[in-house]
Amino acid sequence: MSLPPLLQSLSLPLIGSPMFIISRPALVVAQCKSGIVGAFPSLNARPSGTFELWLQQLQLALTDRDAPFAVNLIVHRSNPRLEEDLALCVRYRVPIIITSLGARADVNAAIHSYGGIVLHDVIDNRFARKAIEKGADGLIAVAAGAGGHAGTQSPFALIEEIRAWFDGPLALSGAIATGRSIAAARAAGADLAYVGSAFIATQEADASQAYKQAIVEGSAADIIYSDLFTGVHGNYLRPSIVAAGLDPDNLPSSDPGAMDFGSLGGDKKAWRDIWGCGQGIGAVSEILPAASLIARLRREYDEALDRLCAGH
């Protein structure tokens, strides 16, 4: 099955993953103008009314020559804004919707009503089947090593299980931070790579300088997998956990039903003070404009393909 037309003319088979707090219009525009899908969570747009303003900004800033953008909708019951944000996505005909933490047929139907496409992120094959049964157009396989909420399965195992029955659009997430990794994702059976953590260390990302520097200085050994902070397992940077006064090697478990995306007691909050991050950051060595990072990824990707075609 070929990719939808929206995804066929990208300069690189890449989606910039929507990162809570960090992904805002400046980063999305930079990504789209460099030829990849830029994305942001609707919940980043606060206070009320900001989401519509962002959609208007993106429509003004982007043209048909740019790559399409995507909005991430959290469809879990803990999101009180879902209906409001979904209605705005329909009104402004957002080209791509990325759904997370549940799959809902009514959400998919609303996006399909104007010709939009829905990609749903999953951590295992069971959730992948449910998403497609409920009408998602494609999947994002969130494998071990991905930043934020991530699964534990090897990308090779996860891709193989999904491809055994699904031939539609499939993106792969998990420690991808170089063009070589993008090429590897496609060789493994994915159509697209899904990259987040590397974009934290870009000039357009809405992250503190300390956060960006921790990405530059960090490696896979600095990533802690825990469900403490939101009730769902995710990957986080060790230095931010230490700074919050917690022992990263002895974190308690959390209530899976919590999903409050935030309070750790006192004035500390998940995502703002506890920094989500994936294992691929060892490849990040400097803070760059997003366009420069994408140019590097494209160069590495082309070089990787050339090596494969040359047989060495």
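**Close-up views of a predicted model**

**View 1. Strands β2 and β3 run side by side.** β2 and strand β3 (residues 69-74) are parallel partners, joined by 4 bridges. Keep in mind as you look that this is a predicted model. To find your place in the pair, look for Pro 41, which stands opposite Asn 72 in β3. Now follow the chain from one strand to the other: β2, helix α2 (residues 50-61) and β3 together make a β-α-β unit, and this unit is right-handed. Are the residues on the two faces of β2 buried or exposed? Gly 38 and Phe 40 on one side are buried, and so are Ala 39 and Pro 41 on the other, which leaves both faces of β2 covered.

**View 2. A cis peptide bond sits beside Pro 47.** Let us stay with the stretch of chain that follows β2. Pro 47 is found in the loop between β2 and α2. The peptide bond that joins Arg 46 and Pro 47 is cis, with omega at about 0°.

**View 3. Eight strands make an open parallel sheet.** Step back a little to see the sheet that β2 and β3 belong to. The sheet is open, has 8 strands and runs in the order β1-β9-β8-β6-β5-β4-β3-β2, with parallel pairing. Which strands are at the edges? They are β1 (14-16) and β2 (38-41), each of which pairs on one side only. From one strand to the next, the twist averages 25°. At the β1 edge, 3 bridges link β1 in parallel to strand β9 (residues 192-195). Within this pair, Gly 16 stands opposite Val 195 in β9. As a general reminder, the strands of a sheet pair through backbone hydrogen bonds, either parallel or antiparallel.

**View 4. Strand β5 has a partner on each side, β4 and β6.** Let us begin with β4. Strand β4 (residues 96-100) pairs with β5 in the parallel sense, over 4 bridges, and Ile 96 stands opposite Ile 117 in β5. Between these two strands the chain passes through helix α4 (residues 105-112), in a β-α-β crossover that is right-handed. Next comes β6. Strand β6 (residues 138-142) is joined to β5 by 4 bridges, and the two run parallel. Here Val 122 has Ala 141 in β6 as its bridge partner. To get from β5 to β6, the chain goes through helix α5 (residues 125-133), and this β-α-β crossover is right-handed.

**View 5. The residues of β5 are covered.** How many of the 6 residues of strand β5 (residues 117-122) are buried? The count is 6 of 6. Try tracing the side chains one by one: Ile 117, Leu 119 and Asp 121 point one way, while Val 118, His 120 and Val 122 point the other way. Residues on both sides are buried.

**View 6. Two nonpolar cores lie apart from each other.** The largest nonpolar core has 51 residues, and those touching the most other members are Leu 14, Ile 162, Phe 199, Ile 215 and Leu 237. Helix α11 (residues 290-310) gives this core its largest share, 6 residues. Another core, of 26 residues, lies apart from it and includes Phe 51, Leu 86, Val 94 and Tyr 114. In soluble globular proteins, nonpolar side chains tend to be buried together. For a closer look, pick Ile 162. Leaving aside neighbours within four places in sequence, Ile 162 is in contact with Val 122, Asn 125, Ala 128, Leu 139, Ala 141 and Leu 170.

**View 7. Three strands make an antiparallel sheet.** This open sheet has its 3 strands in the order β7-β11-β10, and the pairing is antiparallel. Why is one side of β7 and of β10 left without a neighbour in the sheet? β7 (148-149) and β10 (223-226) stand at the edges and each has a single partner strand, so one side of each stays without a neighbour in the sheet. Strand β11 (residues 234-237) runs antiparallel to β10, and 4 bridges join them. In this pair, Tyr 236 of β11 is the bridge partner of Ile 224.

**View 8. Two loop residues have positive phi.** Arg 93 lies in the loop between α3 (82-91) and β4. Although Arg 93 is not glycine, its phi is positive, near 50°. Arg 93 is exposed, with a relative accessible area of 51%. Leu 101 is placed in the loop between β4 and α4. Its phi is near 60°, again a positive value in a residue other than glycine. Leu 101 is partly exposed, and its relative accessible area is 25%.

Key: Residues numbered from 1 in each chain as written. Predicted model: local features only at pLDDT ≥ 70, side-chain atom pairs only at ≥ 80, totals over all residues. Heavy atoms only, no water. Core = buried A, V, L, I, M, F, W, Y, C linked by side-chain atoms within 4.5 Å. Buried < 20%, exposed > 50% of the residue type's maximum accessible area, 1.4 Å probe, protein only. Contact = heavy atoms within 4.5 Å. Pairing = 2+ DSSP bridges. Right-handed = clockwise from strand over helix to strand, strands pointing away. Axes fitted to C-alpha atoms, helices over the stretch in contact; angles between N-to-C directions.
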